[in-house]
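Trainee: Please take one part of this model and go through it closely, starting from a single residue and working outward. Plain terms are enough.

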Amino acid sequence: QVQLVESGGGLVQAGGSLRLSCVVSGRIVRINAVGWYRQAPGKQRELVAGISSGRDPNYADSVKGRFTISRDNAKNTVSLQMNSLKVEDTAVYYCNVNVLDYSLIRREYWGQGTQVTVSS
């Protein structure tokens with residue numbers, strides 16, 4: 001069983017910063033791709049940032065230059081540094097990973113979500 005535990009959400013004023021972290025644990029051979037998604041009330045879940053092995057990170061246009069995704073393969077941790085936060089960044093943020101498990105099967109997992117609220 002693979003588990004994702006997210007942390008770092010909270011309430012911040014516009015212009016502030018937050019750092020989200022996602023720790024992946026369980027019986028996995030490797031993490032192939034990681035990503036952060038978000039879902040605001042009444043809206044569809046959208047990709048914020050992602051990294052696939054051997055590729056450059058990709059970002060939603062709305063967060064380019066403000067957010068930075070990173071991964072620590074040794075610690076199976078994915079982070080999202082969010083700077084210059086805007087009210088419209090308010091959402092529940094979800095960690096997503098695509099892993100190769102011990103059965104050599106690729107599987108996708110989601111974190112439980114962490115609330116980010118940006119006040120004006």
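**From one charged pair to the core**

Mentor: D101 is buried, because its relative accessibility is 8% (buried means under 20% relative accessible area, exposed over 50%, partly exposed in between, with a 1.4 Å probe and protein chains only). The model is predicted, so local features need pLDDT of at least 70 and side-chain atom pairs count only at pLDDT 80 or more, while totals for chains, interfaces and linings use all residues. Residue numbers start from 1 along each chain as its sequence is written, and side-chain values use heavy atoms, with hydrogens and water left out.

The side chain of D101 meets that of R107 in a salt bridge, 2.5 Å from N to O (the term requires a side-chain nitrogen of Lys or Arg within 4 Å of a carboxyl oxygen of Asp or Glu). R107 is partly exposed, because its relative accessible area is 35%. Elsewhere, R38, E46, R66 and D89 are joined into one network by salt bridges that share partners. By this rule there are 5 salt bridges. Side chains of opposite charge can pair when their charged atoms come close.

Within that network, E46 and R38 form a salt bridge with an N to O distance of 2.7 Å. E46 counts as partly exposed, because its relative accessible area is 34%. R38 counts as buried, because its relative accessibility is 6%. Another bridge joins R66 to D89, whose closest N and O atoms are 2.7 Å apart. This pair links distant parts of the chain, 23 residues apart: R66 sits in the loop between β6 (58-59) and β7, and D89 in the loop between β8 and β9. (Strands are DSSP runs of E with at least two residues, numbered from the N terminus.) Both ends of the bridge are covered: R66 is buried at 10% relative accessible area, and D89 is buried at 1%.

R107 also leads to the core, since V97 touches R107, along with L4, V24, I31, A33, V34, E108 and Y109, leaving out residues up to four places away in sequence (contact means heavy atoms within 4.5 Å). V97 is one of the five residues, with W36, L80, M82 and Y93, that touch the most other members of the largest nonpolar core, which has 30 residues. (Such a core is a set of buried Ala, Val, Leu, Ile, Met, Phe, Trp, Tyr and Cys residues joined through side-chain atoms within 4.5 Å.) At least two residues of this core come from each of β3, β4, β5 (46-52), β7, β8, β9 (91-101) and β11 (114-119). β9 gives the largest share, 5 residues. In soluble globular proteins, nonpolar side chains tend to be buried together.

L4, one of the residues that V97 touches, lies in strand β1, residues 3-7. L4 is buried, because its relative accessibility is 9%. The C-alpha atoms of L4 and C22 are 6.3 Å apart, although 18 residues separate the two along the chain. Besides C22 and V97, L4 touches V23, V24, C95, N96, Y109, W110, G111 and Q112, again not counting residues up to four places away in sequence.

Next comes β8, residues 77-82, where 5 of the 6 residues are buried. β8 pairs with β3 (residues 18-25) in the antiparallel sense over 6 bridges (two strands pair if DSSP finds at least two bridges between them). In that pairing, R19 stands opposite Q81 of β8. β8 also runs antiparallel to β7 (residues 67-72), and 6 bridges join them. There F67 stands opposite M82 of β8. β7 and β8 form a hairpin with 4 residues between them, and N76 in the turn has a positive phi of about 50°.

I69 belongs to β7. I69 is buried, because its relative accessible area is 4%. Its contacts, leaving aside neighbours within four places in sequence, include V78, S79 and L80, as well as V34, G35 and W36. Others on the list are A49, G50, I51, P57 and Y59. The C-alpha atoms of I69 and Y37, 32 residues apart along the chain, are separated by 11 Å.
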